[in-house]
Amino acid sequence: MSPLLVALAFLTILPVPVRPALSGEEVGRASAFFPLAGGVQGLILVLAASLFTLLLPLPVVAGLVLAVHVLVTGGLHLDGLADSADALACRGGRERKLMIMKESRVGAMGVVAVALALILQARLLEALLAREQAPALAILFLMPVLGRWAMVTAMAQAQPARPEGLGRLFLEHTGRRQLALASLGAGGLALAAVALAAGGWQLAALLAVASVGLCGLARGIVRLAHQQLGGMTGDTFGALAVLADLVLLTVAVAGPGGGPP
């Protein structure tokens, strides 16, 4: 089974052919291909933005691109953000926090976290798409690529919070080799995007700054999860993906040429 297809099956709702019964090793080692799966998502976002821009005003385009981003992932990462926010806001102990993350209900903090994330993403996307088209589309393409790479960097340094669950499979089978492959994939896609966008040193420098920020974010989330939950879960990885999108978009909008048009 192609690990890229496995990665797409777990990160998106795209109809990819995957065997019903996959081994834990097949699932876990697919993390090396998370950035490439993110590249597929990035292409969908670029095509959507290019089409919508021909027909609709910019604020509507930003909202629709965000909707496509959420729909392609099936809302998986936003669900993780909501559960993580509810758990971390709880004043109980580790077991209570983990129990909250398992519940199907979403609490007040989860709703607030998702609402704030969506509002910020929509505004940042609008600011990004108002910039020069080629570099803006390059950033849009790389948003899910680098976000998924951030997830792999966290997997390579974290421990599972539970003895069961999907997060444990990825944590157990993601090591230096998977991180190296994921980094090569993300780096290759980033170089291709910079070359095609003709963004020059400014775009390359912006991506370098964003990558450092994403590494810091991943490390911070891992440390917080270990302190509060005893390790990482699938929900905390979802939260990391959403926050990584926000970090990259913020750096892009605040970087060279990112002021008011």
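This report walks through a few spots in a predicted model: a helix pair, a cavity, a histidine beside that topic, a pocket and a loop glycine.

## Two helices side by side

Let's start with helix H8, which covers residues 133-155, and helix H11, which covers residues 200-229. They pack at an angle of about 35°, and their axes sit 9 Å apart. The crossing of H8 and H11 is right-handed.

Who makes the contact? On the H8 side you'll find Ala138, Ile139, Leu142, Leu146, Trp149, Ala150, Thr153 and Ala154. H11 brings Leu203, Leu206, Leu207, Ser211, Leu214, Cys215, Ala218 and Val222. Sorted by class, that makes 14 nonpolar residues, two polar ones and no charged ones in the contact of H8 with H11.

## The cavity

Search the whole structure for cavities of 30 Å³ or more and you get one. The largest cavity holds about 100 Å³ of space. Its lining is made up of His69, Val70, Thr73, Gly75, Leu76, His77, Leu78, Gln121, Arg148, Ala241, Val242 and Asp245.

Helix H4 (58-72), H5 and H12 each give at least two residues to this lining. By class, the lining of the largest cavity is a mix: five nonpolar, five polar and two charged residues.

## Histidine 77

Histidine 77, one of the residues lining the largest cavity, belongs to helix H5, which runs over residues 76-89. Is histidine 77 buried or exposed? Its relative accessible area is 6%, and buried means under 20%, so histidine 77 counts as buried.

Leaving aside residues up to four places away in sequence, histidine 77 touches Leu11, Arg148, Met151, Gly238, Ala239, Ala241 and Val242. Among them, Arg148, Ala241 and Val242 also line the largest cavity.

## The second largest pocket

There is also a pocket to look at: the second largest one has about 250 Å³ of space. It is lined by 15 residues, and those closest to its centre are Leu76, Met151, Leu166, Gly234 and Phe237. Leu76 turns up in the lining of the largest cavity as well, while Met151 is one of the residues touched by histidine 77.

Helix H1 (3-11), H5, H8, helix H9 (166-173) and helix H12 (234-254) each give two or more residues to this pocket's lining. H12 provides the largest share, with four residues. By class, the lining of the second largest pocket has nine nonpolar residues, five polar and one charged.

## A glycine in a loop

Finally, glycine 107 sits in the loop between helix H6 (94-102) and helix H7 (108-129). Glycine 107 is partly exposed, at 27% relative accessibility. Alanine 85 is 22 residues away from it along the chain, and the C-alpha atoms of glycine 107 and alanine 85 are 8.7 Å apart.

Methods. Residues numbered from 1 in each chain as written. Predicted model: local features only at pLDDT ≥ 70, side-chain atom pairs only at ≥ 80, totals over all residues. Heavy atoms only, no water. Axes fitted to C-alpha atoms, helices over the stretch in contact; angles between N-to-C directions. Left-handed = near helix turned anticlockwise from the far one by under 90°. Contact = heavy atoms within 4.5 Å. Nonpolar A, V, L, I, M, F, W, Y, C, P; charged D, E, K, R; others polar. Buried < 20%, exposed > 50% of the residue type's maximum accessible area, 1.4 Å probe, protein only. 1 Å grid on protein atoms, 1.4 Å probe; cavity = no way out; pocket = protein on both sides within 12 Å on 5 of 7 lines; lining within 4 Å. Points joined across faces, edges and corners; volume = space filled by probe spheres on them.
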